[in-house]
Amino acid sequence: QVGVVLPAAMKLCEEDKEELRMRHTACRVRSTFLEFFRSRGHQLVPSAPVRPRGDPSLLFVNAGMNQFKPLLLGTAPPRSMLASLRRAANSQKCVRAGGKHNDLQDL
């Protein structure tokens, strides 16, 4: 849990203290998300590099499914770790950019 350091002169009421204890950091949200799927039989897969390797159709990873593209297209080598996945979960690093499906203003 992340500790919050406040100046000595600043006092928090009990309500504010409880809010700080319950605050969800990005790490905590990510861990909770992954644990939810792991507990339901999904294999946790590490985040792929933001700059894809071996896929000239992508300049950068823009979605969490990019690393599963060979599996979805049926081109993954049959004995590869990717081909053995039945249920998978990850927290994929990605780049958000403008374009045809630009939703940056919604974030």
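The following numbered points comment on selected residues of this structure, which is a predicted model.

1. The largest nonpolar core consists of six residues, namely Val45, Phe68, Ala76, Leu82, Ala83 and Leu85. In soluble globular proteins, nonpolar side chains tend to be buried together. Within this core, alanine 76 may serve as a starting point for inspection: once residues up to four places away in sequence are set aside, alanine 76 touches Pro70, Leu71, Leu82 and Ala83, and of these Leu82 and Ala83 are themselves listed as members of the core.

2. A nonpolar patch on the surface is formed by Met65, Leu71 and Leu72, whose accessible area together comes to about 290 Å². Methionine 65 is placed in the loop between β1 (43–44) and α3 (69–73), and methionine 65 counts as partly exposed because its relative accessibility is 47%, which falls between the limits of 20% for buried and 50% for exposed. Leu71, another residue of the patch, is also among the residues that alanine 76 touches.

3. Asparagine 66 lies in the loop between β1 and α3. With a relative accessible area of 17%, asparagine 66 is buried, since the cut-off for that class is under 20%. Apart from neighbours within four places in sequence, the contacts of asparagine 66 are with Leu58, Phe60 and Val61.

4. Aspartate 55, likewise assigned to the loop between β1 and α3, has two side-chain polar contacts that deserve a look. One joins the side chain of aspartate 55 to that of serine 57 at 2.5 Å, while the other, at 3.2 Å, is made with the side chain of lysine 69.

5. Asparagine 90 is found in the segment after β2 (88–89), and asparagine 90 counts as buried because its relative accessibility is 13%. Leaving out residues up to four places away in sequence, asparagine 90 touches Phe33, Leu34, Val45, Pro46, Ser47, Gly64, Gln67 and Phe68. Two of these, Val45 and Phe68, belong to the largest nonpolar core described in the opening point.

6. Which residue lies 57 places from asparagine 90 in sequence, and how far apart are the two in space, C-alpha to C-alpha? That residue is phenylalanine 33, and the C-alpha separation is 8.8 Å; phenylalanine 33 is also one of the residues in contact with asparagine 90. On the side-chain level, asparagine 90 is further joined to glutamine 92 by a polar contact of 3.4 Å.

Terms used: Residues are numbered from 1 along each chain as its sequence is written. This is a predicted model: local features need pLDDT of at least 70, side-chain atom pairs count only at pLDDT 80 or more; totals for chains, interfaces and linings use all residues. Side-chain values use heavy atoms; hydrogens and water are left out. Patches are made of residues with over 30% relative accessible area and no salt bridge: like charges are joined within 9 Å, nonpolar side chains (Val, Leu, Ile, Met, Phe, Trp, Tyr) within 5 Å. Accessible areas come from the Shrake-Rupley method with a 1.4 Å probe; for residues, only the protein chains shown count as cover. A salt bridge is a side-chain nitrogen of Lys or Arg within 4 Å of a carboxyl oxygen of Asp or Glu. Helices (H or I, at least four residues) and strands (E, at least two) are DSSP runs, numbered from the N terminus. Buried means under 20% relative accessible area, exposed over 50%, partly exposed in between (1.4 Å probe, protein chains only). A nonpolar core is a set of buried Ala, Val, Leu, Ile, Met, Phe, Trp, Tyr and Cys residues joined through side-chain atoms within 4.5 Å. Contact means heavy atoms within 4.5 Å. A polar contact is a pair of N or O atoms within 3.5 Å; within protein, one must be able to donate a hydrogen and the other to accept it, and residues adjacent in sequence count only if both atoms are side-chain atoms.
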